[in-house]
Amino acid sequence: MPCSIGVIGLGRMAQAILLPLFEKGDIKPFEVFGVVGHQQSIQQVKDQLPSGVKICSSDDPVSVEALQAPIKLLAVKPQQLEKVAKNWSQIKTPELSVRPLLISLLAGVQLQRLVDIFSKHVCVRAVPNTPVLVRAGLTGLACSEKLDIDQQLWLNKIFDPISEVLHLPEDQLDAFLALTSSGPAYIALMAEALADGAVAAGLPRALAHHLACRTLYGTSLLLKEKEIHPSQLKDMVASPGGTTITALRHLEKAGIRSALMEAVVVAAEKSRELAGFS
Ligand SMILES: NC(=O)c1ccc[n+]([C@@H]2O[C@H](COP(=O)([O-])OP(=O)(O)OC[C@H]3O[C@@H](n4cnc5c(N)ncnc54)[C@H](OP(=O)(O)O)[C@@H]3O)[C@@H](O)[C@H]2O)c1
């Protein structure tokens with residue numbers, strides 16, 4: 001049976017999207033045909049996924065089947081797009097009654113570039129983040145044109161169960177990525193540093209790690225559920241002459257606010273710069 005979804009680049013991000021979908025049965029393994037860059041990666045990828053997912057390498061002739069699927073998830077690194085484009089240009093496209101959908105996860109690579117390569121496709125840029133793995137992700141979407149109902153249903157089927165989906169103008173996607181896709185790394189770094197601080201202050205490592213994660217989790221839940229502005233929450237916690245304001249003074253002196261702002265700005269710039277690879 002031909003697959004429904006061809007995954008071109010079944011690496012970390014594609015797996016982060018597919019695993020929770022397989023787990024709850026939103027998508028069945030036999031619907032997916034994944035392609036990787038090297039034969040050596042096949043077994044490693046197979047070990048991560050349920051049986052039934054077809055996987056081959058890009059130099060295997062059967063990879064044509066994934067490239068001809070009506071729904072394609074493009075998830076190679078931006079630097080690898082040229083090779084995919086070359087493979088694609090050598091493939092005969094089957095006549096389909098509906099136009100196929102190409103969903104690209106590539107940072108920075110613009111819709112026009114995707115449309116130029118996959119000319120008969122309706123193209124979508126999708127920017128998910130890794131919390132999709134626990135169905136708590138965010139996905140930004142920009143489309144090359146209006147989707148028909150089936151294409152919209154496919155997008156819903158893939159991204160709705162694992163993330164909050166936001167349709168955005170394409171020129172906002174780089175900033176979206178800089179905050180949401182890179183964001184888990186900023187937060188993870190904070191969790192690690194806070195735990196280190198607690199260890200330095202005398203707590204055992206495992207307890208410090210648990211407390212740091214739980215504090216980040218509880219705080220984001222509180223901000224979201226009670227719709228409190230961050231500055232309001234900060235003021236609620238920092239009592240006059242107390243421990244928190246003393247620590248905040250230290251953080252401000254160290255430039256934490258501008259460091260975080262700059263991190264998002266440079267990540268957005270890097271995303272735009274990566275488009276130069278295509
Ligand atoms: N990581 C994130 O949080 C995140 C978030 C949003 C978007 N993204 C985007 O997602 C994309 C993938 O990132 P990643 O972290 O998942 O990278 P990754 O783990 O390196 O995955 C890339 C995959 O592409 C395969 N590949 C390489 N050349 C190929 C070819 N010619 N044909 C088919 N497959 C090929 C690789 O196989 P081999 O390993 O065998 O070479 C690997 O399976 C990137 O464009 C990134 O911008 C990532």
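Reader: At what angle do the axes of helix 7 and helix 8 cross?
Author: This is a predicted model, with local features taken at pLDDT of at least 70, side-chain atom pairs at 80 or more, and totals for chains, interfaces and linings over all residues. Helix 7 covers residues 173-181 and helix 8 residues 183-200 (DSSP runs of H or I, at least four residues). Their axes (lines fitted to C-alpha atoms over the stretch in contact; angles from 0 to 180 degrees between N-to-C directions) come within 4 Å and cross at roughly 30 degrees.

Reader: How is helix 7 oriented to helix 8, parallel or antiparallel?
Author: The crossing angle is roughly 30 degrees. Because angles under 35 degrees count as such, helix 7 and helix 8 are roughly parallel.

Reader: Which residues of helix 8 make the contact?
Author: Helix 7 contributes Ala178, Leu179, Thr180 and Ser181 (contact: heavy atoms within 4.5 Å). From helix 8 come Gly183, Pro184 and Tyr186.

Reader: How much area do domain 1 and domain 2 bury between them?
Author: Domain 1 spans 5-173 and domain 2 spans 181-274, with C-alpha centres 33 Å apart. Eight residues of domain 1 are in contact with four of domain 2. With 55% of it on carbon and sulfur atoms, the buried area (accessible area lost by both, 1.4 Å probe) is about 510 Å².

Reader: Which residues of domain 1 lose the most area to domain 2?
Author: Three residues together account for 45% of what the domain 1 side buries. They are Ala107, Gly108 and Asn129.

Reader: How many salt bridges cross the interface of domain 1 and domain 2?
Author: Residues are numbered from 1 along each chain, and side-chain values use heavy atoms, without hydrogens and water. The whole structure has twelve salt bridges (Lys or Arg side-chain nitrogen within 4 Å of an Asp or Glu carboxyl oxygen). Across the interface of domain 1 and domain 2 the number is zero.

Reader: What is the N to O distance between Glu82 and Arg113?
Author: Glu82 lies in helix 4 (residues 81-89) and Arg113 in helix 5 (residues 111-117), so the pair ties together parts 31 residues apart in sequence. Their side chains meet in a salt bridge at 2.5 Å.

Terms used:
Helix = DSSP H or I, 4+ residues; strand = E, 2+ residues; numbered from the N terminus. Parallel < 35°, antiparallel > 145°, perpendicular 65-115°, else oblique. Domains from an automatic or database assignment. Buried area = accessible area lost by both parts, 1.4 Å probe.
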